[in-house]
Structure formats: C-alpha cells, structure tokens
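This report is addressed to a reader who meets the structure for the first time. Please keep the sequence and the model in view while reading.

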Amino acid sequence: MMAPTSADSDAYSGKSAETRHLKPGELSTGTTIMAIKFDKGVVLCADSRVSTGAYVANRASDKIAQLHDHIWCCRSGSAADTQALTDYVRHFLAQLAVETGRLPEVKVAAHLMRRLCYENKDNLMAGVIVGGWDPVSGGSVFNIPLGGACIPMPFAIGGSGSTFIYGLVDSEFKENMTKEEALALCTKAVSHAMARDGSSGGVIRTCVATAEGNEREMIPGNKLPYGPAGW
C-alpha cells in the first residue's frame, strides 16, 4: 500500500469525508426525503434544511412540491434544479389534464420527471421522489435518483440523511400499512436522520395524498419524535 503524499494530505486538509470528493468551487448539499405507499394513498415526508457547504442557507424550506391535485414530489439535490423541474412537470400535467379532461396518473408525472432528469443528467443535480394518488392505480411512489432512473417502490428514501435510516425503515416497513402507521414511520425515520446527518435538520413537513384530498402538517424542531442524546 502506498503511503499518502504531501499533495494528498493538502487536498484532505480541513475537509470531512463528505466534502473531500467535491470539485473546486463545488458545494455539498444535503437533505432527507421519504415516501410510503399505504392502503388508501401515499405519505410524503421531508426535513427543511437547505445547506450550502457548511452554511445553512434556509432552515425552514418546503421540499414537498405539488405537481397536480393529488400528485406531489420530494426534492433533493440542487434547490434551483429541482424547483425548475417541478415547474416544468406542473406545467405539462396541467396541460395534459385540460386536453384529456381527466386527472393525470402518478406514473405519468414520474416519467415526465424521469425524462427531464435523464436527458439533462450532465447539467442537473436532482434526486426526486414522486408520489400521490390517481383513480387508476391508487397510491403510487416512484424513486428518481441522480441520473434519471425511474423505479416504482412501496417506499422510497433519498438525500444524504437516507444512509442513516435504511436499516430502520427496512425493519419497520410492512405492506398495506394504515395512514397512521405510515405517517408514524415517516416522521420517526426522518427525525432519526436529522439527528445523525449534519446536512438535514429544521422541521419535518408531511403530506398525505388520498382520494379525499391532501393533508399537510409541520412538526417543529422541538416536537420531533426523536432527537440527539441529551435532548
């Protein structure tokens, strides 16, 4: 094994394992997003911290964007990129609904997002979870990671905080959860990620999308289900 050179040491000087791979001028981003399909719809959940390297640019942002009446997406990566993507998809879905005279399907929204992400993958940094309810498929969740894949899943997690909670979600998720169970798992998992990931934090925002409509809630930072030791 070759010993590290002085050049290597200088490159790593003052940098954490999360930031040492970044190119000159590139800033690290971070978030925790999650969605779970339950028996009558979908629960989406996200933290609210927007970070620019070590600086928290916004501590109470809204990372859950509405694409259509019952279709939502959780955004991670570059805030500017994902805001532009959601604007495009929202516009295309509104056009589609007018032309067809019916509600668009969640999978249509997901594939629109996938196409935009894939065809511009060299210029975008965007990881998105699309979820919602439609009359054809009911509740649906699609994970669209960096690069533009599109994967239907019973649940999806993303962002820098997701690495801390894969085991927790794998152990506690079950098929055909009720709304209350899905909401409790989402808030528990995201609060655990916020406690461990320095790039996730702030408040937890949730959205429940069903045939009856949408329910949005916010859990403040001092009311989270889990916090660091000593809280």
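## Strand 6 and its partners

In this predicted model, Ser76 stands opposite Gly127, a residue of strand 7. The two strands concerned, strand 6 and strand 7 (residues 126-134), pair in the antiparallel sense, with 7 bridges between them.

Strand 6 also pairs with strand 5 (residues 64-68), again in the antiparallel sense, here over 4 bridges. Within this pairing, Ile64 has Cys74 of strand 6 as its bridge partner. The connection from strand 5 to strand 6 is a hairpin of 2 residues.

## Burial of strand 6

Is strand 6 largely enclosed or open to the surroundings? Strand 6 covers residues 71-77, and 6 of its 7 residues are buried, so the rest of the structure largely encloses it. A residue counts as buried when its relative accessible area is under 20%. In general, the side chains of a regular strand alternate between the two faces of the sheet.

## Helix 2

Helix 2 comprises residues 79-100. Its 22 residues should span 32 Å at 1.5 Å a residue, and the end C-alpha atoms lie 31 Å apart, which agrees with that expectation.

Which residues of helix 2 are buried? They are Asp81, Thr82, Leu85, Thr86, Val89, Leu93 and Ala97. Viewed down the axis of helix 2, these buried residues fall within an arc of 125°, and they therefore line one face of the helix. The general geometry of an α-helix is relevant here: with 3.6 residues a turn, residues three or four places apart point the same way.

The buried residues of helix 2 pack against strand 5, strand 6, helix 3 (106-119) and strand 7. The three paired strands described above are thus joined in this packing by a further helix. On the other side of helix 2, Ala80, Val98 and Glu99 are exposed. Just after helix 2, Gly101 adopts a positive phi of about 75°.

## The chain as a whole

The protein chain contains 5 helices and 12 strands. Of its 231 residues, 44% count as buried. The chain exposes about 12100 Å², of which carbon and sulfur atoms supply 53%.

Contacts along the chain may also be sorted by sequence separation. Among those with a separation of 6 or more, 62% are between residues 24 or more positions apart.

Note on methods. Residues are numbered from 1 along each chain as its sequence is written. This is a predicted model: local features need pLDDT of at least 70, side-chain atom pairs count only at pLDDT 80 or more; totals for chains, interfaces and linings use all residues. Side-chain values use heavy atoms; hydrogens and water are left out. Buried means under 20% relative accessible area, exposed over 50%, partly exposed in between (1.4 Å probe, protein chains only). Two strands pair if DSSP finds at least two bridges between them. Contact means heavy atoms within 4.5 Å. Accessible areas come from the Shrake-Rupley method with a 1.4 Å probe; for residues, only the protein chains shown count as cover. The expected span of a helix is 1.5 Å times one less than its number of residues. The arc is that of the directions from the helix axis to the C-beta atoms.
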